[in-house]
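Let's take a walk through this model together. Have the sequence and the 3D view open side by side as you read.

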Amino acid sequence: MTKFTHEQLLKMYQLMVTIRRFENRLYQLFLQGLVPGTLHQYQGQEAVAVGVCTTLRPDDIIFSTHRPVGHGIAKGMTLKSIAAEIMGKADGCAGGKGGQMHLTDVSVGMMPSNAIVGANIPIATGAALGFKLRGEERVSISFFGDGAANIGAFHEGINLAAVKYAPVIFICENNQYAASTHISLTMKIENIADRAKSYGIPGMVVDGMDVIAVREITQQAIERARSGNGPTLIGAKTYRFMGHSRGDPGKYRGEDELSDWQSRDPIPMFRTYLVDRGVDRLTLDSLEESVDEAIDEAVKYALAAPHPDPSETYSHVYAERRK
Ligand SMILES: Cc1ncc(C[n+]2csc(CCOP(=O)(O)OP(=O)(O)O)c2C)c(N)n1
Ligand SMILES: [Mg+2]
């Protein structure tokens with residue numbers, strides 16, 4: 001076995017399967033007209049969210065993007081609060097008023113997701129600086145895409161974090177595309193992590209389809225951050241199996257491209273890894289069944305939940321005046 005316990009490995013598998021199957025169910029619900037707005041889905045990238053978040057402590061915090069379902073599940077949000085939010089129901093994590101791109105549950109360290117590309121990079125840095133100033137050994141994670149690495153906030157946030165030794169880890173999920181634009185059209189470098197050199201911090205490249213590799217590299221970055229040595233930029237190479245958002249059939253990708261990446265699907269790869277190391281197939285099968293049951297229950301709950309009351313329209317728009 002590896003240095004991870006049986007329980008830790010099963011937990012990682014359970015989270016990855018939950019993300020995949022929950023996203024697949026959301027897709028069906030969308031097609032049934034039950035999801036207002038759109039969906040930005042995470043299928044294919046599960047090893048990144050799970051590898052990173054299972055390395056964190058409960059009081060560490062993460063900042064996500066327009067594609068937050070995987071991050072929220074991996075950090076411990078309930079499926080009920082996510083499903084209800086995405087269906088615009090009052091029982092959702094943001095009262096049904098945020099929708100798919102604004103998942104949040106501060107009680108588990110899932111800070112409000114930010115759909116403005118790159119915007120969470122300086123925010124996660126600020127939160128990390130707060131930890132440092134208060135003498136807390138907590139870390140902050142910024143998840144963002146390859147497209148975000150070309151936004152000004154990337155430079156500003158990482159540079160500030162570097163000079164202040166902020167305990168933040170920048171996880172760039174390089175899924176090769178920013179909407180329909182391939183990374184080769186927007187970057188002249190092979191590895192986004194190479195940019196770390198210009199900020200004087202470590203940059204590490206990892207196979208984002210390999211959950212164990214992601215977890216091991218995150219562990220190194222966390223140790224560095226917690227011991228006061230500052231940030232790390234991790235570039236995880238991965239792929240999204242679905243279109244950018246629900247209206248996107250993904251026709252801009254080459255014919256074999258999707259199937260090549262699917263042949264390295266992180267979930268079957270991890271299942272094989274576990275079975276090769278002696279985990280019983282029946283254990284994994286029954287774990288998958290319990291995931292399906294949990295998803296059924298969450299969806300049932302969200303479907304039955306009420307819509308927000310119209311009187312709520314203007315609540316939470318402005319901060320309440322302090323008494
Ligand atoms: C500042 C800003 N510009 C443009 C958009 C529109 N937009 C939303 S997602 C996206 C692509 C982002 O690509 P990437 O950062 O690689 O993340 P991915 O969608 O691949 O997860 C764009 C251009 C936005 N939300 N914010
Ligand atoms: Mg991308």
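What follows goes from the overall fold to the metal site and then to a couple of individual residues.

Keep in mind as you look around that this is a predicted model. The protein's secondary structure adds up to 10 helices and 7 strands. Its radius of gyration is 19 Å, close to the 20 Å that the globule rule gives for 323 residues, so the protein is as compact as a globular protein of that length. If you line the C-alpha trace up along its principal axes, it spans about 60 × 50 × 40 Å.

How much of the protein is buried? Buried residues account for 52% of the 323. The chain also does plenty of long-distance pairing: take the contacts between residues at least 6 apart in sequence, and 74% of them join residues at least 24 apart. On the outside, the protein exposes about 14,700 Å², with carbon and sulfur atoms supplying 53% of that. As for charge, there are 34 positive and 37 negative side chains, and the centres of the two sets sit 6 Å apart.

Now zoom in on the magnesium ion (ligand 2). Which residues coordinate it? The donors are Asp146 (OD), Asn175 (OD1) and Tyr177 (O), at 2.1 Å. Along the sequence, these donor residues follow the spacing D-x28-N-x1-Y. Asp146 and Tyr177 link distant parts of the chain, 31 residues apart: Asp146 is in the loop between β2 (140-145) and α6 (152-164), while Tyr177 is in strand β4 (residues 177-178). Are these two buried or exposed? Buried means under 20% relative accessible area, so Asp146 qualifies at 3%, and Tyr177 does too at 5%.

Next, find Phe170 in strand β3 (residues 168-174). Phe170 is buried, with a relative accessible area of 0%. Leaving aside residues up to four places away in sequence, Phe170 touches a list of partners including Ile121, Thr125, Ser142, Phe144, Ile158, Ala161 and Leu233. Phe143 lies 27 residues from Phe170 along the chain, yet their C-alpha atoms are separated by 6.3 Å.

For a contrasting spot, go to Arg277, in the loop between α9 (266-276) and α10 (281-304). With 37% relative accessibility, Arg277 counts as partly exposed. Arg277 and Met111 are 166 residues apart in sequence, and C-alpha to C-alpha they are 36 Å apart in space.

Key: Residues are numbered from 1 along each chain as its sequence is written. Chains are lettered from A and ligands numbered from 1 in the order in which they are written. This is a predicted model: local features need pLDDT of at least 70, side-chain atom pairs count only at pLDDT 80 or more; totals for chains, interfaces and linings use all residues. Side-chain values use heavy atoms; hydrogens and water are left out. Donors are N, O and S atoms within 2.8 Å of the metal (3.2 Å for Na, K and Ca); water is not among the atoms, so sites may look incomplete. Helices (H or I, at least four residues) and strands (E, at least two) are DSSP runs, numbered from the N terminus. Buried means under 20% relative accessible area, exposed over 50%, partly exposed in between (1.4 Å probe, protein chains only). The radius of gyration is taken over C-alpha atoms; the globule rule is 2.2 Å times the number of residues to the power 0.38. Contact means heavy atoms within 4.5 Å. Accessible areas come from the Shrake-Rupley method with a 1.4 Å probe; for residues, only the protein chains shown count as cover. Lys and Arg count as positive and Asp and Glu as negative; His and the chain ends are not counted. The place of a charge is taken as NZ of Lys, CZ of Arg, CG of Asp or CD of Glu.
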